[in-house]
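The exercises below go through helices, side-chain pairs and burial. Try each task before reading its solution.

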Amino acid sequence: PLGSEPVKRLIADVREYEKEIKRLENRISEIQSAKRAKATQKKERRVKAAVAVKKRKVSEEQLLEKVRSAIEKASRQGIFDSSAERAIFDKVASDLLDNEMEIKTLAAAELGKLGNEACVPILLTAVEFDNPELTSEIINSLTAIGAHDAVSLFKEKISDSHYRIRIGCL
């Protein structure tokens, strides 16, 4: 009976099915390996993101200290017509140290309206906050002041992804 044609076909079919089962088992193990690799990559990205956030916080604290230092230096070395003008300058400049970005943006605009050259190093330092609205306002203020020291900043930011920054640089 094993030599008959129908039995031989059945045996051949069984062997084909066994090959197909092996192929599918291999594919399943490949998919599982890919899922594990993807999960590992996702975990690594989370860890990297957590480290980046930690670095950003540290760098933001350092940046706040740099801005604070620039404000103190500008207040000491700046030329002001009166002590009232210096007090206004100090108050407006200290608003760049605020937690809210909108207040920082308004402070940058006001420093531009003051038109004092003492504002330039502060504004050039504050660009490092890396906020497009703030950067745009800083560029407008530096332009209003007529700061020649800002030309290198303008050249650097001319290819920025935000159109307001590009327009201000032009």
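**Exercise 1: Salt bridges in α1**

Glu-30 is partly exposed, with a relative accessible area of 46% (buried is under 20% relative accessible area, exposed over 50%, partly exposed in between, with a 1.4 Å probe and protein chains only). The model is predicted: local features need pLDDT of at least 70, side-chain atom pairs count only at pLDDT 80 or more, and totals for chains, interfaces and linings use all residues. Residues are numbered from 1 along each chain as its sequence is written, and side-chain values use heavy atoms, with hydrogens and water left out.

Task: Find the salt-bridge partner of Glu-30, then describe the salt bridge of Glu-20.

Solution.
- Step 1. A salt bridge is a side-chain nitrogen of Lys or Arg within 4 Å of a carboxyl oxygen of Asp or Glu. Glu-30 meets Arg-27 in such a bridge, at 3.3 Å from N to O.
- Step 2. Both Arg-27 and Glu-30 belong to helix α1, 3 residues apart, about one turn of the helix (helices are DSSP runs of H or I, at least four residues, and strands are runs of E, at least two, numbered from the N terminus). An α-helix has 3.6 residues a turn, so residues three or four places apart point the same way.
- Step 3. Arg-27 is partly exposed, at 44% relative accessible area.
- Step 4. Glu-20 pairs with Arg-23, and their closest N and O atoms are 2.7 Å apart. These two residues also lie in helix α1 (residues 5-77), 3 residues apart. Glu-20 has a relative accessible area of 36% and is partly exposed; Arg-23, at 46%, is partly exposed as well.

**Exercise 2: Beyond α1**

Task: State how many salt bridges the whole structure has, and describe the one formed by Lys-91.

Solution.
- Step 1. The search of the whole structure gives 7 salt bridges.
- Step 2. Lys-91 is bridged to Asp-95, with the closest N and O atoms 3.1 Å apart. Asp-95 is partly exposed, with a relative accessible area of 24%.

**Exercise 3: Rings**

Task: Classify the pair formed by Phe-80 and Phe-89, and say which residue lies over the face of Phe-129.

Solution.
- Step 1. Rings of Phe, Tyr and Trp (its six-membered ring) pair if their centres lie within 6.5 Å; planes under 30 degrees apart count as stacked, over 60 as edge-to-face and the rest as tilted. By this rule there is 1 aromatic pair. Phe-80 and Phe-89 are 5.0 Å apart, centre to centre, with 50° between the planes, and the pair is tilted.
- Step 2. Phe-80 and Phe-89 are both buried.
- Step 3. Lys-104 lies over the face of Phe-129, 3.8 Å from the ring centre (NZ of Lys or CZ of Arg must be within 6 Å of the ring centre and within 35 degrees of the ring normal).

**Exercise 4: Helix α5**

Task: Check the span of α5, then list what Leu-134 touches.

Solution.
- Step 1. The expected span is 1.5 Å times one less than the number of residues. For the 14 residues of α5 (residues 132-145) this gives 20 Å, and the end C-alpha atoms are 20 Å apart, which agrees.
- Step 2. Just after α5, Gly-146 takes a positive phi of about 80°.
- Step 3. Leu-134 is in helix α5 and is buried, at 0% relative accessibility.
- Step 4. Leaving out residues up to four places away in sequence, Leu-134 touches Met-101, Lys-104, Thr-105, Ala-108, Ala-126 and Phe-129 (contact means heavy atoms within 4.5 Å).
- Step 5. The buried residues of α5 pack against α3 (101-114), α4 (119-126), α6 (151-157) and α7 (163-169).
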